[in-house]
Amino acid sequence: AALTGLAGEVPAISLGTGVVPLPSRHPELLAAAAATVAERSGGRLILGLGTGPAVPGALGRLRATLVALRRLFREGEAVLQGERLRLGLVPEVPPPIWIAALGPRAVRMAGEVADGVILNWCTPERAAEATGVIRAAAAEAGREPDAVTIAVYVRAALAAGTADAALAAASEYGSYPGYARQFVAMGIDPGDPASIVAAVCLTGDAGRSRLRLQAYRQAGADLPVVYPVIRPPERWEHGVGRPQPGDALATLRTLAP
């Protein structure tokens, strides 16, 4: 719904979901929502999907859903695990489907079937390693090695007062088993938020941050995605959260060309 509204307000940029966890929507509803945004935006949607909770069979479900959605966007009908799906609005421009990938199986699957991949909480070195795996998996699947767009979220704590929010986010992700394994593999202590922030986040001045973004590009990332760290909402007298859009705007202005 948010992207549908934005489509008419920002006519010159791509719009993406980053990411929709599969358990949050029935595949038919997901396809209808994506088709609506694709049509409303003139084909500017990127549909990003994730498995949701790491439960047995989650990756298989993601692969099957991706294949079914791709067929729905082309033909208006598909079968997913025995269920027939239909799409009333077949978009003129089928949206590319990207997947969030953390572990090695998901990274390989991105190379085999996805149009793009979204990496998260990575050093440039980890991004380079994943890029190599994705390109090789694409070639083994009979695809062009560069058929998969590689995006990586890079959190940016550049606005005044956001350092503590970055540490809190790093601490939260360090507590998740999948991300903890990734941090360990990158040589980072998942229980040390300061080390995580220093290794994978943009901090300091604009010049230093631009150089860091360039390192991700040199590592193979087609699209480093600056992810502004925002302080928790202030509290109004009646307990209603007050957003702080200034943190995101400060980040955009700091890194603007």
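Is Cys122 buried or exposed? Cys122 is buried, at a relative accessible area of 1%. This is a predicted model. The briefing covers its cysteines, its nonpolar cores, helix α10 and the largest pocket.

**Cysteines**

- The structure has 0 disulfides.
- A disulfide is a covalent bond that joins the sulfur atoms of two cysteines.
- To count here, two cysteine sulfur atoms must lie within 2.5 Å.
- For Cys122, the closest cysteine sulfur belongs to Cys201 and is 11 Å away, so the gap is too far for a bond.
- Seen from the other side, Cys201 has Cys122 as its closest cysteine sulfur, also at 11 Å and too far for a bond.
- Cys201 is buried too, with 6% relative accessibility.

**Nonpolar cores**

- The largest nonpolar core has 68 residues.
- Within this core, Leu49, Leu69, Trp121 and Val200 touch the most other members.
- Helix α3 (residues 58-75) is the top contributor to the core, giving 7 residues.
- Leu49 has a long list of partners beyond four places in sequence, including Val19, Val20, Leu22 and Leu30.
- Leu62, Leu69, Ile97, Trp98, Ile99 and Ala100 are also in contact with Leu49.
- A second core of 5 residues is separate from the largest one.
- Among the members of this second core are Ile46, Trp98, Ile118 and Tyr153.

**Helix α10**

- Helix α10 spans residues 245-255, and its buried residues are Asp247, Ala248, Thr251 and Leu255.
- These four sit on the same side of α10 because they cover an arc of only 100° around the axis.
- Pro245 and Arg253 are exposed, on the face of α10 turned away from the buried side.
- Where does the cover for the buried residues of α10 come from? It includes strand β8 (149-156), helix α9 (206-218) and strand β9 (223-228).

**Largest pocket**

- The largest pocket holds about 1200 Å³ of space.
- Its lining is made up of 39 residues.
- Closest to the pocket centre are Thr51, Ala101, Leu102, Gly103 and Tyr179.
- Which helix supplies the largest share of the lining? Helix α7 does, with 6 residues.
- Helix α7 covers residues 177-185.
- Helices α3, α4 (104-113) and α5 (124-140) each supply at least two lining residues, as does α7.
- Helix α3 therefore appears twice in this briefing: it gives 7 residues to the largest nonpolar core, and it supplies at least two residues of the pocket lining.

Notes: Residues numbered from 1 in each chain as written. Predicted model: local features only at pLDDT ≥ 70, side-chain atom pairs only at ≥ 80, totals over all residues. Heavy atoms only, no water. Buried < 20%, exposed > 50% of the residue type's maximum accessible area, 1.4 Å probe, protein only. Arc of directions from axis to C-beta. Contact = heavy atoms within 4.5 Å. Core = buried A, V, L, I, M, F, W, Y, C linked by side-chain atoms within 4.5 Å. 1 Å grid on protein atoms, 1.4 Å probe; cavity = no way out; pocket = protein on both sides within 12 Å on 5 of 7 lines; lining within 4 Å. Points joined across faces, edges and corners; volume = space filled by probe spheres on them.
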